[in-house]
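Please read these comments with the sequence and the model side by side, and look up each residue as it is mentioned. The points are numbered so that we can discuss them one at a time.

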Amino acid sequence: MEQCLKIKQNTTAPIRYLKGVGPKKSLLLTRLGVNTVEDLLFYLPRRYEDRSTFVLIRDIKVGEYHAIKAEILNMSVFRTRKGISVFHLVIGDSSGLIRCVWFNMPFMKKNFEKGQKIAVYGKVEKYDKIQINHPDYEILENDTGSIHMGRIVPIYSLTQDITQRYLRSIAYDAVGKYASCLQETLPIHVRAKRKMVDIHFAIQNIHFPFSFENLEKSYKRLVFEEFFLLQVALALKKHGVKEKKNGVSHKLDTNLFEAFKKIIPFELTEEQIKAIKDIEKDMASEKSMNRLLEGDVGSGKTVVALYAILLTVKNGYQASIMAPTEILARQHYMTMSEILMPLGINIRLLISGIPKDKKAEIKDEIRNGAVDVVIGTHALIQEDVRFKVLGLIVVDEQHKFGVNQRTILRDKGRNPDVLILTATPIPRTLALTVYGDLDITFIKQMPKGRRPITTFWLEEEKREQVYAFIREEVNKDRQVYIVYPRIEKE
């Protein structure tokens, strides 16, 4: 292990110190995100080619990829009538002959000599004769081993002026010299419980696997480690949020929930009531709520958020709702105004389409506490939007906002509660992975009377049928809307 402490055998050393790299090649490797030796060790192949088994020429099949070990018998360069340069390399073994062909690469002739032993790999084609076009090859000297042939060969993503052979060669050198210097990140008991290989075995066999079984073991180990470290980071973040006791603590009133059920024009589902209870528990705590509420369109997420808003306002705090589009913000404004305004709750809409003088008036009302609930888009995170006492933030379709945007809004209050809504279907396991720092509530039960949604996907040639269907629905006094996604500049 002492050699790992030397600068040239330290995995954090710049990649230019690796044999065969140097300053010029290191600049090219930075395009791949490879700046250090460790970066190269974790620059994993995107796929593999099984070149471990050599076949006799007589056993090859047209249309399949084969690895062949043979002798160079002849070579020639000629031009076609269209001026294309063609280099032919004729190789043979005890069972037959095959041509290897390179187009517009006459200089290839300098790489070969008659009588040399060679290994080639490529797809077998048949024209007037059987041949392999532009095969990968390796000159075999003294029948020694090769990193390009006679094994499971890694194939990497490349950049301009970096070839597979070059990247494979320096990766082989790096793995041989530095893999043993990597520090183990997974505790022994974690690896033992799941029967996982160590990091040195994993890096060796993810680049140059001895067998597909070893490759599978290495792959599982590295994938597990990536998710394990992600979960540890999220768990620490979640623990930090949960342990802070300087959040907004709301007082609960059972009469409020009963009154709420009477003012909404429909009956709450069991899952909506459960979600409300989860939110009540969070909001009553001295720790900040940080909850994700997931449910299909029409499952009633907005009503649950509406109760959380009512709870924070009744406790003397302000609430803000940030939506990704002005259309959705207006929709929330109309829905919530209809229910909350009769209760004396002041709601304002803050979007870019509002005149400047009206905006300034709304911002003043928010600042002095005259506004109880403000609904808007990115306009809410502007520096001149200040709250008197922000108690709750509701973010709709949070994946459409950057982390910094949500943080800016949260910083406008003193650790306010945060409720995130999403209609994007996320499997529970994936949700716990991606949103591991959040508490998660799912609403899968649809309200009574809600008709099922039917989705159709049609080819472009049926566009006119779609238009005809739209005209038919409009003629029945029904409504139709078209979602037209487009890329906009930030």
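**Notes on the model**

1. I begin with lysine 195, which is placed in the loop between α4 (188–193) and α5 (199–207). Please keep in mind here, and in every point below, that this is a predicted model. Lysine 195 has a positive phi of about 55°, although it is not a glycine. Most residues other than glycine have a negative phi, and this is the reason for drawing your attention to the loop. Is lysine 195 buried or exposed? With a relative accessible area of 78%, lysine 195 counts as exposed, because the cut-off for that word is over 50%.

2. Asparagine 104 deserves a similar look, since its phi is positive, at about 55°, and it is not a glycine either. The residue sits in the loop between β4 (96–103) and β5 (117–126). Its relative accessibility is 49%, so asparagine 104 is described as partly exposed.

3. Threonine 377 is also a loop residue, found between β12 (373–376) and β13 (390–396). Its relative accessible area is 7%, and threonine 377 is therefore classed as buried, a word that applies under 20%. Which residues does threonine 377 touch, if those up to four places away in sequence are not counted? They are Met322, Ala323, Thr325, Glu326, Ala329, Leu350 and Ile351.

4. Leucine 29 lies in helix α1, which covers residues 22–29, and with a relative accessible area of 0% it is buried. Leaving aside neighbours within four places in sequence, leucine 29 is in contact with Ile15, Val21, Val34, Ile162, Leu167 and Ile170. It is worth finding aspartate 161 as well: although leucine 29 and aspartate 161 are 132 residues apart along the chain, their C-alpha atoms are separated by 9.6 Å.

5. Two packed helices are described by the angle between their axes and the distance between the axes. For helix α9 (residues 301–314) and helix α10 (residues 326–340), the angle is about 55° and the axes are 11 Å apart. That angle makes α9 oblique to α10, and the crossing in which α9 passes α10 is right-handed. Which residues bring the two helices together? On the α9 side they are Thr302, Leu306, Ile309 and Leu310, and these meet His332, Met336, Ile339 and Leu340 in α10. Sorted by class, the contact of α9 with α10 has six nonpolar residues, two polar residues and no charged residues.

6. Helix α9 also packs against helix α7 (residues 254–263), at an angle of about 135° and with the axes 11 Å apart. The helices α7 and α9 are therefore oblique to each other, and their crossing is right-handed. From α7, the residues Leu256, Phe257 and Phe260 meet Val303, Leu306, Tyr307, Leu310, Leu311 and Lys314 in α9. By class, this contact of α7 with α9 has eight nonpolar residues, no polar residues and one charged residue. A student tracing α9 may like to mark Leu306 and Leu310, which are listed in the contact with α10 and again in the contact with α7.

7. Side chains of opposite charge can pair when their charged atoms come close. How many salt bridges does a search of the whole structure find? The search finds 26. One of them joins the side chains of aspartate 278 and lysine 274, with an N to O distance of 3.3 Å. Both residues belong to helix α8 (residues 270–284), and because they are four residues apart there, about one helical turn separates them.

8. Glutamate 473 takes part in a salt bridge with lysine 476, where the closest N and O atoms are 4.0 Å apart, and in another with arginine 478, at 2.9 Å from N to O. Glutamate 473 is buried, with a relative accessible area of 11%, whereas lysine 476 is partly exposed at 45% and arginine 478 is partly exposed at 47%.

9. Finally, please trace the network of salt bridges that links Arg47, Glu49, Arg51, Asp136, Glu138, Arg165 and Arg168.

Technical notes: Residues are numbered from 1 along each chain as its sequence is written. This is a predicted model: local features need pLDDT of at least 70, side-chain atom pairs count only at pLDDT 80 or more; totals for chains, interfaces and linings use all residues. Side-chain values use heavy atoms; hydrogens and water are left out. Buried means under 20% relative accessible area, exposed over 50%, partly exposed in between (1.4 Å probe, protein chains only). Axes are lines fitted to C-alpha atoms, for helices over the stretch in contact, and angles run from 0 to 180 degrees between N-to-C directions. Angles under 35 degrees count as roughly parallel, over 145 as roughly antiparallel, 65 to 115 as roughly perpendicular and the rest as oblique. A crossing is left-handed if the near helix is turned anticlockwise from the far one by less than a right angle, and right-handed if clockwise. Contact means heavy atoms within 4.5 Å. Ala, Val, Leu, Ile, Met, Phe, Trp, Tyr, Cys and Pro count as nonpolar, Asp, Glu, Lys and Arg as charged, and the others, Gly among them, as polar.
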